[in-house]
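Welcome! Here is a short guided tour to read alongside the sequence and the 3D view. Take it at your own pace and keep the structure in sight as you go.

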Amino acid sequence: MRLENKIAVVTGGAAGLGKAMALRFAEEGAMVIAADMKELDYAHDNVEGKILNVADPEACKTFFDEVVASHGQIDILVNNAGITRDAMTRKLSDEDWDMVLDVNLKGVFNLTRLVGPQMEQIGGGSIINISSVVGEFGNIGQANYSASKAGVIGLSKTWAKEFARKGVPVRVNAIAPGYIMTDILKTVPQDLLDKFASMTMLGRLGEPKEIADSALFLASDESSYITGHVLSVNGGMRL
Ligand SMILES: NC(=O)c1ccc[n+]([C@@H]2O[C@H](COP(=O)([O-])OP(=O)(O)OC[C@H]3O[C@@H](n4cnc5c(N)ncnc54)[C@H](O)[C@@H]3O)[C@@H](O)[C@H]2O)c1
């Protein structure tokens, strides 16, 4: 029970990696608020679903106030909600640029600017931002997505300094997953997925549980001296 008595918020918690993290944290004793645009399709005594669009700053403020009112505080925040709108740069529309940056980057800012200072007040916390192998190395056809995910790494390092400057242990880390089988990959052709698998040292794509276990480590006190770090969980892939 590594997260006993902890209150955790996981954005994008209805599906894919967010669902795996919400359930893994709940197994370890946390009360998890899974915030998503859609309803949960699963149930666990320790997981509460809440509708939230992380790209909407006012909705984030209302969400934050409601969670603090009903649960007292937030000890763990996983900024996981994310989308792709892929196109080669010369064909990338303003709309698809803005949408991906609004959700993947501004969405992270919208919640963390509320939760980070609250963690300073309560004496600590762990913030985990989900970046990507694409944010570390770039990728053809993903200018908007790679910019958003590289931005998330910059935010994580900045906040690791900013929220700990008064000597309070608010830790902020990023996870950069490689290719993990979830809905976000459903538009990627199988031959490309096979190629991505062959580009890893382990010769396969990842499982959502492998990201959830990494997030559990960063959320728990087992990582108490780790902050400002980017944990690459990608089977040894270099795009
Ligand atoms: N699966 C991968 O291979 C992979 C690799 C690297 C990084 N990531 C990142 O991991 C995160 C989770 O991805 P996934 O693979 O689970 O994708 P997914 O599409 O399976 O799940 C994403 C979830 O986020 C929710 N969501 C989307 N926009 C939202 C918004 N504006 N507000 C709140 N919720 C919103 C969706 O409803 C969905 O439930 C994303 O940030 C993604 O970029 C995924």
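A good place to begin is a pair of residues in two neighbouring strands: A174 of β6 has V230 as its bridge partner in β7. Four bridges join β6 to β7, and the two strands run parallel. Please keep in mind throughout that this is a predicted model. From here we can widen the view to the whole protein, then come back to the sheet, the ligand and two individual residues.

**The protein as a whole**

- The protein contains seven helices and seven strands.
- Followed along the sequence, these elements come in the pattern β-α-β-β-α-β-α-β-α-α-β-α-α-β.
- The radius of gyration is 17 Å, which agrees with the value near 18 Å that a compact globule of 239 residues would have.
- Along the principal axes, the C-alpha trace spans about 45 × 35 × 35 Å.
- Buried residues make up 44% of the 239 in the protein.
- Of the contacts with a separation of 6 or more, 70% are between residues 24 or more positions apart.

**The sheet and its edges**

- The seven strands form an open sheet in the order β3-β2-β1-β4-β5-β6-β7, with parallel pairing.
- Why is one side of β3 and of β7 left without a neighbour in the sheet? Both β3 (47-51) and β7 (230-233) stand at the edges and each has a single partner strand, so there is nothing in the sheet on the other side.
- From one strand to the next, the twist averages 20°.
- At the β3 end, strand β2 (residues 31-36) is joined to β3 by five bridges, and the two run parallel.
- Within that pairing, I33 has E48 of β3 as its bridge partner.
- Helix α1 packs on the sheet, where it touches β1 (7-11), β2, β3, β4 (76-79), β5 (125-130) and β6 (170-177).
- The direction of α1 makes about 165° with that of β2.

**Strand β4 and its partners**

- On one side, β4 is joined to β1 by three bridges in a parallel arrangement. Here A8 has I76 of β4 as its bridge partner.
- β4 is also joined to β5, by four bridges, and these strands run parallel too. In this pairing N79 is matched with N129 of β5.
- In a regular strand, side chains alternate between the two faces of the sheet.
- In β4, both faces are covered: I76 and V78 are buried on one side, and L77 and N79 are buried on the other.

**Strand β6, enclosed by the rest**

- How many of the eight residues of β6 are buried? Eight of the eight are, so the strand is largely enclosed by the rest of the structure.
- One face of β6 carries V170, V172, A174 and A176, while the other carries R171, N173, I175 and P177, and all of them are buried.
- β6 pairs with β5 in the parallel sense over six bridges. In this pairing, V170 of β6 stands opposite G125.

**Around the ligand**

- The ligand is surrounded by 29 residues, and the closest are G12, A15, G16, G82 and T182.
- Two elements, α1 (16-27) and α3 (94-122), give two or more residues to this shell.
- Which element gives the most to the shell? That is α1, with three residues.
- Sorted by class, the shell has 16 nonpolar, ten polar and three charged residues.

**Two residues to look up**

- A164 sits in the loop between α5 (143-162) and β6.
- A164 has 18 other C-beta atoms within 10 Å, so it is partly exposed.
- Beyond its neighbours within four places in sequence, A164 is in contact with P169, V170 and T227.
- A164 and G116 are 48 residues apart along the chain, and their C-alpha atoms are separated by 9.7 Å.
- F109 lies in helix α3, one of the elements already met in the shell around the ligand.
- F109 counts as partly exposed because it has 17 C-beta neighbours inside 10 Å.
- F109 and V152 are 43 residues apart along the chain, with 9.0 Å between their C-alpha atoms.

Terms used: Residues numbered from 1 in each chain as written. Predicted model: local features only at pLDDT ≥ 70, side-chain atom pairs only at ≥ 80, totals over all residues. Near = placed C-beta within 6 Å. Nonpolar A, V, L, I, M, F, W, Y, C, P; charged D, E, K, R; others polar. Rg over C-alpha atoms; globule rule 2.2 N^0.38 Å. Buried ≥ 20, exposed ≤ 12 C-beta atoms within 10 Å, placed from the backbone. Contact = placed C-beta atoms within 7 Å. Pairing = 2+ DSSP bridges. Axes fitted to C-alpha atoms, helices over the stretch in contact; angles between N-to-C directions.
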